2 protein chains.
Amino acid sequence: MYYAGIDLGGTNIAAGIVDESGKMIDSMSVPTNAGRDFRDIVKDMAELVKKLADKTGIPISDIEAAGIGCPGSIDSERGICEYSNNLNMCHADVAGEFRKNLDIPVYIENDANAAALGEYEMNAKGSKSFVFITLGTGIGGGVIINGEIFKGFNGVGAELGHTVINVGGERCTCGRKGCWEAYASVTALIRQTKAAMEQHKDSLMHSIAEKEGKVSGLTSFLAAKQGDEAAMEVVSQYFEYIAEGVTNLVNIFQPEILAIGGSISKEGEYLLKPVKAFVEKNDFNRYMPKAKIEIAKLFGDAGIIGAAIAARNAHNGR
Amino acid sequence: MYYAGIDLGGTNIAAGIVDESGKMIDSMSVPTNAGRDFRDIVKDMAELVKKLADKTGIPISDIEAAGIGCPGSIDSERGICEYSNNLNMCHADVAGEFRKNLDIPVYIENDANAAALGEYEMNAKGSKSFVFITLGTGIGGGVIINGEIFKGFNGVGAELGHTVINVGGERCTCGRKGCWEAYASVTALIRQTKAAMEQHKDSLMHSIAEKEGKVSGLTSFLAAKQGDEAAMEVVSQYFEYIAEGVTNLVNIFQPEILAIGGSISKEGEYLLKPVKAFVEKNDFNRYMPKAKIEIAKLFGDAGIIGAAIAARNAHNGR
């Protein structure tokens, strides 16, 4: 049997078909066009699944259920997206609308929680507690305890990026000042890079940004790797912001595994080494086994696979 | 049937006998004399339980099990205190030593986790997720998920006070800089009070501290309630530090109930009102039911009752 997973992002709707074990058979995506009525977006989700069925030769009748990972506050039991920052979704009956277009069982999860479940299922299965963070435009995250998504009593947890690490600091998209997201997301890194460029007119970052056509999340990394001192300072400070938040999560959750995903995680060991060293030095646990800190393995597919796994689990009453 | 609960603190060893439902029958305490060999401390724990049995007329044979809430890193399965900051306990076989003195089943938990379980059992039972914090000399805390203490894979979670809210800020006892504990514990409040007194020589806080014989956690509260502006500023800033950490925990855990205990919680509504207003304004959840924030109800007894409940649950395989 097969499951469809749909990852609804601000830019693209990505969908895939996975087998019972979570292995991806095939995937496709279309632009989200976030300004649209949510019914049109949901219709495109259903169309994607139908196209994937055609493409893979897997009949719809062999797709047991579909899972949708959706940004925002999700009421999984009722299949409703109560609110989403970036999409026109307020009290949107996503599940009901999906079934009008494709009549198979459908389940909705918060996108970051779904991605955490995907990464857990494929790369950390059996761990008693697992924390997943994605360092991208914002900071998303999810916590898996005894194989289940932990989302608090109202489904809104765990917003790991919206925890203040610097009281009164940088304004966050959520309205608070000083959130981890406002220091350790790619958006924050770009702001930090621009500030350093302003101060260091002779830094390599200027020519790199010129070649790229813009200041991006890569600008400081590329310059730092060529030995540019101003860039090295940006990167080292940025890694410390990441590590402060990771250490907080380790002290709170003492997870068996904490996996770092999102675009920054492509830096691999270059990111992991200083973060691990910081946690090793600063965490509260001196005498018991330590949390393993790793780079997530599914990258872009975590959301699709996780949504499909969430559907599989819910469908089978797990 | 009855259970003994023991709360091992840096100053006192408190013990009590509770019934099956967690109701306290009677309690007693003796000084810890923290510098002693742990075997002598554990012997005093057993003596306390024997004395309580005498005093209450409940025979030892009716005490099913004893629970010990112990500060530090606890290996509950093996009954060992691996490490404690304030006591001479390193790889200390607390359970084994206790049974040499009193041969009944004995279980060990981290003291803050035990207190959280006690408060949950008596005042939040049935809530799907419950967070307990104690604002005292330090900040302790515990998280109860589906009726069970959440302590991570290694037993060291959840150290809620050792999460940085101010990167590079005040030095914490754990070695990091900027922990919540370094801003929102009573120790931190005293430091903040002293700093304000230094700046405001005409503040009422001076005469209050003189009467008390020292600057305490009450100095600023007493002066603020009499309208002293410098003190009001200290208190309002202190409440904000508390609220920043509480908001972080709400965003992470979305607990059905978050209870605030410890000596500061005696301020009741005076503390609760501004903290609730801050969380209401700043938390991430705009559209779903909200976490209830409350003052804890067991005060000093949470540790004893929680340790006894932990023993009851473990003894009955729950």
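The following exchange discusses the fold of chain A in a predicted model.

Me: What kind of model is this, and how are residues numbered?
Reply: It is a predicted model, in which local features need pLDDT of at least 70, side-chain atom pairs count only at pLDDT 80 or more, and totals for chains, interfaces and linings use all residues. Residues are numbered from 1 along each chain as its sequence is written, chains are lettered from A and ligands numbered from 1 in the order in which they are written, and side-chain values use heavy atoms, with hydrogens and water left out.

Me: How many helices and strands are there in chain A?
Reply: Chain A has ten helices and 13 strands; helices (H or I, at least four residues) and strands (E, at least two) are DSSP runs, numbered from the N terminus. The radius of gyration of chain A is 20 Å, close to the 20 Å that the globule rule gives for 318 residues, so the chain is as compact as a globular protein of that length. That radius is taken over C-alpha atoms, and the rule is 2.2 Å times the number of residues to the power 0.38.

Me: What share of the residues in chain A is buried?
Reply: Buried residues make up 58% of the 318, where buried means under 20% relative accessible area (1.4 Å probe, protein chains only).

Me: Why is strand E12(A) largely enclosed?
Reply: Five of the five residues of E12(A), residues 257-261, are buried, so the rest of the structure largely encloses this strand. On one side lie Ile257(A), Ala259(A) and Gly261(A), and on the other Leu258(A) and Ile260(A), all of them buried.

Me: Which strands pair with E12(A)?
Reply: Strand E9(A), residues 129-135, pairs with E12(A) in the parallel sense over five bridges, and E13(A), residues 292-295, does so in the parallel sense over four bridges. Two strands count as paired if DSSP finds at least two bridges between them. Ala259(A) stands opposite Phe132(A) and has Glu294(A) as its bridge partner in E13(A).

Me: Turning to the open sheet, what is its strand order?
Reply: The order of the five strands is E3-E2-E1-E4-E8 in chain A, with mixed pairing. The edge strands, E3 (24-31) and E8 (106-110), each pair on one side only.

Me: Which residue of E4(A) stands opposite Tyr2(A)?
Reply: Ile63(A) in E4(A) stands opposite Tyr2(A). Strands E1(A), residues 2-8, and E4(A), residues 63-70, run parallel and are joined by six bridges.

Notes
Buried < 20%, exposed > 50% of the residue type's maximum accessible area, 1.4 Å probe, protein only.
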